[in-house]
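The exercises below are meant for a reader who has not met this structure before. Please look at the sequence and the model first, and then work through each task before reading its solution.

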Amino acid sequence: MKKWQDKEEFKKIFTEKAHVLWEKELRDLTLNEVYQTIAYMIRDLVSEDWIRTNEVYAEQKAKQVYYFSIEFLLGRLLQSNLIGIGLEDICRQGLEDLGWKLEDVVPQERDPGLGNGGLGRLAACFIDSLAALQLPGHGCSIRYQYGLFNQRIVDGQQVELPDNWLVNGYPWEVKRVDKAVNVRFGGNAYMRPTEDGELECVHENYSSVRAVPYDVPVIGYHNDTVNTLRLWRAEYSREDLYRELTLGDRHRAFRYKNNVQLISRFLYPEDSTEDGRRLRLMQEYFMVSAGLQSIVRHYKRKYKESMYKFDQYIAIHINDTHPALVVPELMRILLDEEGMAWEDAWDITCRTVAYTNHTILPEAMEKWSIPMFQSLLPRIYLIVEEINNRWLKEVRRLYPGDENKARSVAILWDGQVHMAHLSVLGSHSVNGVAEIHSQILKDSTLHQFYTIFPNRFSNKTNGVTHRRWLIEANPQLSDLIDEAIGDEWRLEPSKLIRLKTVSSDSAFLDKLAKVKKARKEILADYIKKEYDTNIAVDSIFDIQIKRIHLYKRQLLNILGILHLYYTLKANPDLRVRPHTFLFGGKAASGYGEAKQTIKLINVVANMINRDKQVNKQLKVLFLENYNVSLGQLLFPAADVSEQISTAGKEASGTGNMKFMMNGAITLGTMDGANVEICREVGMEHCVIFGLRAEEVMNYYMHGGYSSWNMYSSDPRIRQLMNSLVDGSINGEHFGMLYESLLDRNDEFFVLKDFAAYCEAHTEISRRYANQKQWFHSSAINIAHSGYFSSDRTIQQYASDIWRIKPVKV
Ligand code: H53
């Protein structure tokens with residue numbers, strides 16, 4: 001890559017580029033035009049490497065992985081790309097000469113909300129790591145016209161606004177019309193005998209949707225690798241539209257056109273909850289079919305190898321079950337288009353595909369009604385039916401008379417298609433995303449499959465990219481780390497462990513405390529600007545940011561705060577360590593309890609913040625529209641990381657890792673990756689409370705928990721529960737939450753864990769009082785965060801599952 005040598009060269013190229021793009025004098029450029037100009041300059045810089053990367057992969061016939069995910073939550077790309085190519089400083093200096101600040105330009109980029117939460121952000125971290133490690137791996141997803149809704153809080157309540165993120169165009173994408181493919185929906189499919197006595201499939205009267213790819217470069221870190229994230233957009237095919245029109249049915253024609261465009265219009269605003277609608281299934285098949293067709297075409301053209309060797313050169317990963325149709329779709333291509341025998345096609349499919357499970361919540365397990373599935377995807381249904389028949393025959397042969405076994409591993413059962421079962425059966429590898437989660441998969445959720453295929457199961461603990469979550473988000477801390485241990489950790493995050501050598505050094509700990517304070521000031525300035533609220537930087541910043549969900553227990557947090565408030569009101573002379581509690585997160589639009597939780601947080605926040613008697617000691621704020629960019633402001637400023645899900649429910653969590661990387665102390669349950677975080681850092685450097693997963697499981701199986709008993713026996717809980725419905729919280733009522741906690745027996749053990757949670761908070765305050773000890777813990781957390789880098793995770797996937805190797809470009 002021929003990089004800009006210095007700021008002079010940057011300015012020269014910037015000026016030329018801006019003239020061509022905007023036909024304007026520099027002084028007339030808007031900030032957005034400045035942002036786009038730099039983005040296009042970066043595209044120019046990397047374009048040769050991008051082409052070259054693909055050529056080298058093809059020349060060397062390197063095995064490649066394609067990571068299929070219905071979500072990619074990328075975050076802004078300008079700064080991360082500048083950092084990746086090592087030109088951030090030159091760009092900053094050049095811009096300054098021209099009269100702009102990089103810091104003002106960066107927010108011009110719309111944060112593309114092509115995901116809901118953890119799953120989508122994980123996918124983004126993974127492609128970042130693939131490119132950084134020079135691994136041949138690409139993303140495949142949908143180019144939603146509207147990303148996840150923008151959240152506004154009005155009268156304490158969440159309001160969802162459309163996220164039209166493409167209004168000003170997206171300079172990072174390249175539309176590749178020449179690589180469009182067609183995807184078929186509907187019609188009828190049946191098998192008919194051929195002349196030579198075989199069976200062939202006929203699929204007729206279907207409608208075609210044109211899938212057009214938009215490619216986004218995924219730029220490696222200080223190397224020449226540029227991989228690709230391919231996002232598919234649905235367009236109507238002109239031939240089909242004209243055919244409908246010439247048949248004389250204008251309504252049908254326009255219905256066709258609208259339906260097609262709907263496919264890539266919206267991201268579903270669901271996170272870990274069932275959403276069984278037809279359009280979603282269309283989206284899934286659309287992505288899978290378009291992605292696979294283009295992979296097969298590229299493989300045949302560039303690798304020129306037989307389809308019988310497909311699995312030797314191609315690995316396909318399915319991120320949760322949303323892309324599970326990869327299994328029957330690859331079968332369709334191998335059977336119908338390549339004319340393979342069933343057994344061969346099945347063998348190649350299973351060797352190619354690998355599956356990650358991200359949840360054990362039963363309501364989040366994808367299932368589709370057979371009639372809907374069949375009418376939308378008739379050919380795919382025939383294949384799924386055949387997979388299921390062959391499979392059940394095998395199961396019944398292995399376990400004669402055991403219908404329970406058959407039922408628990410069937411793909412088609414009770415009128416539904418079970419996508420997790422299809423995914424396990426059609427893959428050579430199944431993994432969970434943290435040790436405890438992978439264990440639960442083996443012990444319960446997928447236990448029956450585990451008994452049949454024990455070697456198929458493994459664990460790959462999640463990770464996050466330290467390039468975005470430390471180097472980019474927290475340059476102050478990054479510089480301090482360089483000063484203390486050198487900068488090798490930037491390339492190899494496992495080297496962060498060297499920080500242990502200075503973790504008791506007073507001079508270092510003082511500097512660490514200063515950096516934290518600086519980051520708290522930056523956040524406080526933002527809050528002052530956006531909310532006209534002052535928060536004290538010497539208070540403990542205690543932050544819970546994630547999707548709002550009953551199992552994540554934001555309720556426990558806000559009830560703890562409310563209790564603290566009541567305690568202060570009842571004891572006017574009581575002094576506690578000042579605390580600032582911050583929340584952020586979106587609720588799925590149809591999730592009543594989650595929305596009422598947001599309302600409760602806001603009403604409590606209002607009541608507390610306005611109360612002069614307590615607001616010197618206590619502040620509570622719900623920050624609107626939590627997204628990747630806001631996260632980059634929040635993680636570096638946190639003292640305490642709230643990771644308080646009901647044990648056994650959070651598959652992994654990844655926010656917990658971003659917090660620790662930035663030196664926050666985890667206040668958490670033994671759930672998801674918290675278990676490993678606390679094993680790495682040691683119990684004395686995190687605060688753990690509450691029921692363990694086995695205890696939770698035990699209550700579910702054998703009963704023995706009554707939340708009404710908690711109500712009767714604990715006066716604190718009684719006071720809190722009454723206040724939800726008696727109007728004492730600013731005259732508001734929270735009936736839905738009251739019902740969930742008491743009448744529906746508190747499925748997530750909020751009340752059961754309440755006392756332990758309060759004690760954990762006392763412990764936090766006690767530890768914070770000893771600042772030297774606190775920052776020692778903070779340093780230990782940063783030191784051990786190397787393990788939670790997605791580079792480590794991706795190396796494990798690459799060597800254990802995908803069998804791919806780095807390729808120098
Ligand atoms: O995936 C994250 C986990 C997290 C889990 C999350 C997730 C979604 O965001 C959406 C659907 C789903 O099934 C799971 O809840 O615990 O960290 C990445 O693995």
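**Exercise 1.** Which domains does the domain assignment of the protein chain give?

Solution. Bear in mind from the start that this is a predicted model. The assignment gives domain 1, made of 60–75 + 111–364 + 419–459 + 795–802, and domain 2, made of 466–698 + 753–788. Taken over C-alpha atoms, the centres of domain 1 and domain 2 are separated by 35 Å.

**Exercise 2.** Describe how domain 1 meets domain 2, beginning with the residues in contact.

Solution. As a beginning, 37 residues of domain 1 are in contact with 33 residues of domain 2. On the side of domain 1 that touches domain 2, at least two residues each are supplied by helix H6 (118–132), strand E3 (147–154), strand E4 (157–163) and helix H17 (435–445). The residues of that side of domain 1 divide by class into 13 nonpolar, 16 polar and eight charged.

**Exercise 3.** Find the surroundings of the ligand, and explain why the ligand lies between domain 1 and domain 2.

Solution. Start with the shell, in which 19 residues surround the ligand, the closest being Gly 118, Leu 119, His 358, Thr 359 and Ser 652. Sorted by class, this shell holds five nonpolar, 11 polar and three charged residues. Both domain 1 and domain 2 give residues to the shell, and therefore the ligand lies between them.

**Exercise 4.** In what order do the three strands of the open sheet with E13, E14 and E15 lie, and which of them are edge strands?

Solution. The order is E13-E15-E14, and the pairing is antiparallel. Strand E13 (367–369) and strand E14 (412–413) each pair on one side only, and they are the edge strands. Looking at one pairing in detail, E14 and strand E15 (residues 416–418) are joined in the antiparallel sense over two bridges. Within this pairing, Trp 413 has Gln 416 of E15 as its bridge partner.

**Exercise 5.** Is Val 167 buried or exposed?

Solution. Locate the residue first: Val 167 lies in the loop between E4 and strand E5 (174–175). Val 167 has 8 C-beta neighbours inside 10 Å, and because a residue with 12 or fewer counts as exposed, Val 167 is exposed.

**Exercise 6.** Compare Asp 532 with Arg 803, taking the phi angle, the place in the chain and the exposure in turn.

Solution. For Asp 532, phi is near 50°, a positive value in a residue other than glycine, and for Arg 803, also not a glycine, phi is positive at about 55°. As to place, Asp 532 lies in the loop between helix H21 (506–531) and strand E18 (540–545), whereas Arg 803 lies in the segment after helix H33 (790–802). As to exposure, Asp 532 has 7 other C-beta atoms within 10 Å and is exposed, while Arg 803 has 13 C-beta neighbours inside 10 Å and counts as partly exposed.

**Exercise 7.** How does the radius of gyration of the protein chain stand against the value for a compact globule?

Solution. With 809 residues, a compact globule would have a radius of gyration near 28 Å, and the protein chain, at 27 Å, agrees with this. Along the principal axes, the C-alpha atoms fill a box of roughly 95 × 75 × 55 Å. Buried residues make up 50% of the 809 residues, and the protein chain has 33 helices and 23 strands.

Methods. Residues are numbered from 1 along each chain as its sequence is written. This is a predicted model: local features need pLDDT of at least 70, side-chain atom pairs count only at pLDDT 80 or more; totals for chains, interfaces and linings use all residues. Domain bounds come from an automatic or database domain assignment. Two residues are in contact if their C-beta atoms, placed from the backbone, lie within 7 Å. Helices (H or I, at least four residues) and strands (E, at least two) are DSSP runs, numbered from the N terminus. Ala, Val, Leu, Ile, Met, Phe, Trp, Tyr, Cys and Pro count as nonpolar, Asp, Glu, Lys and Arg as charged, and the others, Gly among them, as polar. A residue is near a molecule or strand if its C-beta atom, placed from the backbone, lies within 6 Å of it. Two strands pair if DSSP finds at least two bridges between them. A residue is buried if 20 or more other C-beta atoms lie within 10 Å of its own, exposed if 12 or fewer, and partly exposed in between; C-beta atoms are placed from the backbone. The radius of gyration is taken over C-alpha atoms; the globule rule is 2.2 Å times the number of residues to the power 0.38.
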